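Please walk me through this structure in the viewer. Tell me what to select at each stop and what I will find there.

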Amino acid sequence: MLGEAGFHNIAYAKDGFDALAQIATEAPDLLILDIMMPGMDGFEVCRRLRADHAYADLPVLVQTALSSSDDRNRAFAAGTTDLISKPLDRTELVARVRIHLQNRVLIRDLQTYRARVEGELAMARSMYDHLLPSPALCAALMDGAGVTLRSHTALSSDLGGDLWGVLPLAGGRFGLFLLDMAGRGVSAALNAFRMHTLIHELAPQLGERPGAFLSELNERAVCLLELGQHATVIYGVVDGAAERFTYATAAAAPPVLIPPGNAALAFGERSGQPVGIAAGTRCEEHSLPFPPGSALVLHSAAVLETLGGRNGGFAALLQSAAVRNAMAGSGDGDGGNGDGGDAFATVTAALAAAQGDVPLDDHTLVWIGRGGAP
């Protein structure tokens, strides 16, 4: 029947032992199996095959005269893919074989595609790790500016396009950016890497002027990115000596200042549209005071969404007694390990608990603290 239907690469086994031996030598694309066989019945053949991961998705069609539901359930419990009733019907046999062989091809194609995508994502994650600021660079910038710099990053399984970094400037200052590309996956990650390159190209000329910096970044991004691709960005300059953070945003979440003592949180301005949408967009420049004993928090939109919005869970967390006591206990806003605990760790622990083991989107939070008495 199979030969007449065009199937020619067919091998036969005399019993279950012979079948397993042949399958171990050359795995078939499909197996047609009888249940009632001497020595080893079809149930046992199925069980042994399914115990081996290599044959987990091998289609096994069982031809059987078993009619009771218990016997059929037993066949499926052993790992049968489908049943063919005896006496064999030519049309049914050929149809089921063709369907399951087609499914087999589709499964292999999906497995190949998945392996390729996972490989690309792994490569993108490796590239992402290499683009983040090195501990040595952060340490040098912190010493020069008189601040501490800590970050929390959690990548989604398919990458969401978040990226942050620092740019050394003269006079003990440094620039800090956080961008979030639209979309997810390898394409979003690659666009984030391209934007990273643009940012570092612009830094020597415009790094000290956040508004001009983002305006020019937008002009470059419009030419670089394809239609529909864009990024939200915040870029600011940390000036410890002047006790000020000067920044500009392109539709990014604004910075948050945690003042010393029990003063209310100060939220920065959110303005502009994402970079890469339209040429000619000008980004406004804003500033926040950055006194001793305070902390600046920059974050991606996913942090707000996870913690219930700016004025909901996120603000409540930053104003909580746990965070304020930790800052007071450390003697400053640097998130250090003082008697009062660790403010940065308190915030990131709450975020990690809320986002789960595998976040749906990338999460980035950057904490900049200033030591000294207010």
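The tour has three stops: a helix, a pocket and a loop residue. Keep in mind that this is a predicted model.

**Stop 1: helix 4**

Select residues 90-131, which form helix 4. The helix has 42 residues, and at 1.5 Å a residue they should span 62 Å. Its end C-alpha atoms are 62 Å apart, so the span agrees with expectation.

Now add Asp89, which caps the N-terminal end of helix 4. A side-chain oxygen of Asp89 lies 3.2 Å from the backbone nitrogen of Thr91.

Next, colour the buried residues of the helix: Leu93, Val94, Val97, His100, Arg104, Leu121, Ala124 and Tyr128.

**Stop 2: the largest pocket**

Select Ile10, Ala11, Tyr12, Leu30 and Ile32. Of the 32 lining residues, these lie nearest the centre of the largest pocket. The pocket holds about 1,000 Å³ of space.

Which elements supply at least two residues each of the lining? Show helix 1 (16-25), strand 1 (31-34) and helix 4. Helix 1 gives the largest share, 5 residues.

Then colour the lining by residue type: 20 are nonpolar, 7 polar and 5 charged.

**Stop 3: Thr281**

Move to the loop between strand 10 (266-267) and strand 11 (286-289), and select Thr281. Is Thr281 buried or exposed? Its relative accessible area is 14%, under the 20% cut-off, so Thr281 counts as buried.

Show Ala278 too. Its backbone oxygen lies 3.1 Å from a polar side-chain atom of Thr281.

Finally, add Ser215, Asn218, Glu219 and Gln273. Leaving aside neighbours within four places in sequence, these are the residues in contact with Thr281.

How values were computed
Residues are numbered from 1 along each chain as its sequence is written. This is a predicted model: local features need pLDDT of at least 70, side-chain atom pairs count only at pLDDT 80 or more; totals for chains, interfaces and linings use all residues. Side-chain values use heavy atoms; hydrogens and water are left out. Helices (H or I, at least four residues) and strands (E, at least two) are DSSP runs, numbered from the N terminus. The expected span of a helix is 1.5 Å times one less than its number of residues. Buried means under 20% relative accessible area, exposed over 50%, partly exposed in between (1.4 Å probe, protein chains only). A polar contact is a pair of N or O atoms within 3.5 Å; within protein, one must be able to donate a hydrogen and the other to accept it, and residues adjacent in sequence count only if both atoms are side-chain atoms. On a 1 Å grid over the protein atoms alone, a cavity is a set of points where a 1.4 Å probe fits but cannot get out, and a pocket is an open set with protein on both sides within 12 Å along at least five of seven lines; lining residues have an atom within 4 Å of a point. Grid points are joined across faces, edges and corners, and a volume is the space filled by probe spheres set on the points. Ala, Val, Leu, Ile, Met, Phe, Trp, Tyr, Cys and Pro count as nonpolar, Asp, Glu, Lys and Arg as charged, and the others, Gly among them, as polar. Contact means heavy atoms within 4.5 Å.
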